[in-house]
Amino acid sequence: MWDNLARLVRYRGLIQSLVVRDLKARYRGSVLGFFWSFINPLLLLMVYTVVFRYFMVRPGSDPNDPNALGGPYAVFLFCGLLPWTWFTSALLESAGSLIFSGNLIKKVLFPAEVLPLVSVLSTMAHFFFGLPILAGFLIYYEFIDPAAYIHLHFTKLLWFPVVVAVQLIFTSALALLLSSLTVHYRDIKDLLGNLLTFWFFVTPIIYWYKKSPIPKSWLNWNPFFHLAVSYQEVLFIPDNVFGHKKWLLAMGAGSIVLFLGAYWVFDRLRDSFAEAV
Amino acid sequence: MTAPSKQIAIELSQVTKVYQRYNTKHFATLKSALLQRSILRDLQPNETFLALNDVSFKVAKGSTFGVVGRNGSGKSTALKLVAGITKPTSGTVAVDGRISALIELGAGFHPEISGRENVFINGIMLGLTKREIQNRFDDIVEFAELSEFIDAPVKTYSSGMYMRLGFAVAINVDPDILLVDEVLAVGDEGFTHKCLDKFGEFKRRGKTVLLVTHSLAMVERFCDEAVWLDSGRKKAEGDPKRVIGAYIGDVNKQEATFLAASDAKAQKTVSTAPAPAKPAEAAPKPADPTAPPADMFQASEGRWGSRLIEITSVTFLDQSGQPRQLFQTGEGLTLRLNVKAPSPVRDFVFGVGIFNAEGVCVYGTNTSIEEYQSDSLSGDAVVELAVDALELVEGTYKVDVAVHSEDGAPYDYHRLLHTIRMKSPVKDIGVYRPKHRWTFSPTVRFKDNRPQRG
């Protein structure tokens with residue numbers, strides 16, 4: 001297993017070109033090309049904002065409540081929605097990645113774990129393409145419309161790459177696990193879609209967790225809760241302390257363990273791929 | 001320095017590969033597995049298939065090694081084991097040198113992106129670095145004859161272009177060991193020649209080639225050694241001519257058994273059908289095997305006639321009198337009909353017609369054409385037609401036999417019920433091979449590497 005992990009490093013050139021290929025192939029032939037990477041999250045954001053701003057009562061908007069959430073809702077939403085989109089698309093794509101590229105596994109000597117990891121990384125690239133939009137909002141409210149009281153804290157922003165790294169490890173672990181199991185159980189992909197919808201709503205992304213009816217002791221069991229809150233605290237909450245960092249670091253450690261476990265499972269199932277896909 | 005020929009590039013020792021087939025339920029789903037609490041059970045294979053059984057062979061460095069065998073004999077499995085794509089269930093596979101496998105050309109090409117980008121990604125997959133690909137890029141494109149289209153998306157390529165590009169990338173990996181699986185049918189004649197030249201170049205540069213193919217001529221021409229696999233077992237190994245000889249002999253034997261079985265089946269279905277009682281009913285059927293129906297493809301096997309004289313059996317005999325269905329072109333053949341007339345008959349004609357697979361009547365004759373005038377026949381009798389040398393080109397032929405009256409009313413007519421197969425080392429075309437020889441004036445010269453045919 002360790003040898004295989006080391007070999008993976010040797011294949012970074014391949015991973016890199018496959019990610020680039022994925023990105024190039026995705027928008028080839030569409031008029032707006034790469035702009036879709038920006039437009040997609042923007043459209044998604046508009047839909048959610050319209051629905052929760054105007055059609056439904058926004059949770060946590062009571063100005064007299066100390067737990068209430070200040071600031072523009074769209075930005076808050078974006079902080080959680082953008083990483084969530086990365087997470088779900090990475091999992092959905094990687095689950096089918098081995099079957100989709102079955103030809104490669106059967107015919108070319110090739111470390112199969114490259115495929116789910118490429119899915120995770122190319123969806124991460126889309127996540128990065130969405131960041132400028134978020135940054136644009138943040139800068140707008142910070143400097144042009146200070147009444148909205150968003151205050152960026154530079155020390156907190158330094159945590160942002162850490163949050164992304166934790167999410168990357170966590171997502172990769174799940175991607176390895178799902179892709180190897182999907183080879184044997186084809187319907188995982190279908191179940192996964194529904195499961196992710198449920199997961200989305202029990203995670204404080206469209207609402208602020210302090211206003212959620214779900215007790216904190218329950219939320220703590222939800223790994224993505226910690227990621228979402230970390231993003232929200234780092235980018236949006238005007239407090240100058242990043243209160244959730246202990247949870248984030250614990251989750252980082254847990255993700256590494258989970259990754260190793262997932263890699264072990266993947267390694268065990270590896271020999272069956274060429275025959276089962 | 002040690003002699004390089006003593007070095008081993010590939011060594012399989014006592015390799016067994018068992019493919020695990022899971023039960024049919026396994027195809028199904030996680031849902032059913034959860035419902036039936038059978039996840040663990042389902043992950044256990046319940047059916048196994050022995051693809052390779054205790055196979056050992058060594059390939060010396062710098063040699064070209066052929067693997068022959070029927071479909072499903074384990075050839076491709078052996079190649080995948082050498083390539084490292086699958087692992088042996090038991091035994092060891094040792095490989096010394098960089099491998100490039102021409103197992104499936106262009107596996108991993110992405111249809112949406114250009115040929116240029118695909119060359120890079122495919123090359124990296126096959127183990128090259130970006131710089132190495134950059135250096136070889138022009139060679140690859142030139143070899144694939146695709147310089148005009150290299151920036152078009154691969155989805156616009158024809159299948160030939162696709163394969164050529166895949167071949168060009170794989171062969172430019174510059175491996176120490178090249179694994180080739182039936183991939184030379186990738187282009188037109190010109191491209192095939194280029195591929196063969198490339199193989200020749202590989203050989204000259206002392207590279208090792210492992211070739212899996214059905215083209216025995218290629219094995220004979222290129223390989224230094226060969227192995228014959230049959231149902232996962234090694235049947236023969238060594239000199240390619242000897243291995244191929246053994247293989248062809250076995251294929252012929254199997255084919256003969258198969259022909260006999262299919263004829264027996266046709267005859268059985270026909271004889272269970274009731275014979276038409278009235279000759280009038282049979283009248284529209286051709287009464288003479290020399291007159292084939294207008295469209296042979298629509299002709300179905302059958303047997304009809306009044307059975308005043310019955311053909312009880314049809315046998316093909318070789319020169320030594322042994323029954324056979326497989327003959328070499330130019331061999332002698334005797335067609336023996338056992339017939340039976342329950343009551344004496346005074347008016348009869350025996351006829352024979354030979355048809356090739358396209359339904360062309362190759363030859364037909366009967367006793368009336370050859371001016372035998374029937375006098376009497378009663379009880380059991382034997383009719384033999386001896387051909388001294390059957391000069392038909394390779395292929396499968398149907399032999400119709402019949403006995404009928406002078407005016408054409410059938411007694412017993414066998415249509416498409418009997419098959420012979422002609423074999424020939426020379427792949428000439430047409431139907432008939434007249435005895436012939438070439439002579440040349442001294443100014444016409446040929447290379448003297450023409451195989452000696454017995």
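In this predicted model, helices H5(B) and H6(B) pack against each other at an angle of about 125°, and their axes are 10 Å apart. That angle makes H5(B) oblique to H6(B), because angles over 115 and up to 145 degrees fall outside the parallel, perpendicular and antiparallel classes. The crossing of H5(B) past H6(B) is right-handed. On the H5(B) side, the contact is made by Val119(B), Phe120(B) and Gly123(B), and on the H6(B) side by Lys130(B), Ile133(B), Phe137(B) and Ile140(B). Sort those residues by type and you get 5 nonpolar, 1 polar and 1 charged.

Those spacings along the helix fit a general rule. An α-helix has 3.6 residues a turn, so residues three or four places apart point the same way.

Staying with H5(B), how much of the helix is buried? It is mostly covered, with 10 of its 11 residues buried. The buried set is Gly115(B), Glu117(B), Asn118(B), Val119(B), Phe120(B), Ile121(B), Asn122(B), Gly123(B), Ile124(B) and Met125(B). The cover comes from both chains: it includes helix H2 (12–27) of chain A, together with helix H6 (130–144) and helix H7 (159–171) of chain B. Just past the end of H5(B), Gly127(B) takes a positive phi of about 105°.

H5(B) also turns up where the two chains meet. There, 27 residues of chain B are in contact with 24 residues of chain A. On the chain B side, the elements that give two or more residues are strand E1 (8–21), helix H2 (30–35) and helix H5 (115–125). H5(B) gives the most, with 5 residues. By type, the chain B side splits into 14 nonpolar, 7 polar and 6 charged residues.

And the partner, chain A? It has 13 helices and 0 strands, so to speak a run of α elements from the N terminus on. Of its 277 residues, 36% count as buried. Look at the contacts in chain A with a separation of 6 or more, and 79% of them are between residues 24 or more positions apart.

Back in chain B, there is a sheet to trace. Six strands, in the order E5-E6-E7-E3-E8-E9, form an open sheet with mixed pairing. Its edge strands are E5 and E9 (233–238), each of which pairs on one side only. Ignoring direction, neighbouring strands are turned by 15° against each other on average. In general, strands of a sheet pair through backbone hydrogen bonds, either parallel or antiparallel. Three of the pairings in chain B are set out here.

| Strand pair | Sense | Bridges | Example of facing residues |
|---|---|---|---|
| E5(B) and E6(B) | parallel | 4 bridges | Leu102(B) and Val180(B) |
| E6(B) and E7(B) | parallel | 5 bridges | Ile177(B) and Thr208(B) |
| E3(B) and E8(B) | parallel | 4 bridges | Val67(B) and Val227(B) |

To find these in the structure, look for E5(B) at residues 99–102, E7(B) at residues 208–212, and E3(B) and E8(B) at residues 64–68 and 225–230.

Strand E6(B) pairs with E5(B) and with E7(B). Is E6(B), residues 177–181, mostly covered or mostly open? It is mostly covered, and 5 of its 5 residues are buried. Ile177(B), Leu179(B) and Asp181(B) point one way from the strand, Leu178(B) and Val180(B) point the other way, and all are buried. Asp181(B), then, is among the buried residues of E6(B).

One last stop is Leu259(B), which lies in helix H10 (residues 240–272) of chain B. Is Leu259(B) buried or partly exposed? It is partly exposed, because 18 other C-beta atoms lie within 10 Å, whereas a buried residue needs 20 or more. Leaving aside neighbours within four places in sequence, Leu259(B) is in contact with Gln325(B), Thr419(B) and Arg421(B). For Thr419(B), that means a partner 160 residues apart along the chain, with the two C-alpha atoms separated by 6.8 Å.

Terms used
Residues numbered from 1 in each chain as written. Chains lettered and ligands numbered in written order. Predicted model: local features only at pLDDT ≥ 70, side-chain atom pairs only at ≥ 80, totals over all residues. Buried ≥ 20, exposed ≤ 12 C-beta atoms within 10 Å, placed from the backbone. Pairing = 2+ DSSP bridges. Contact = placed C-beta atoms within 7 Å. Nonpolar A, V, L, I, M, F, W, Y, C, P; charged D, E, K, R; others polar. Axes fitted to C-alpha atoms, helices over the stretch in contact; angles between N-to-C directions. Parallel < 35°, antiparallel > 145°, perpendicular 65-115°, else oblique. Left-handed = near helix turned anticlockwise from the far one by under 90°.
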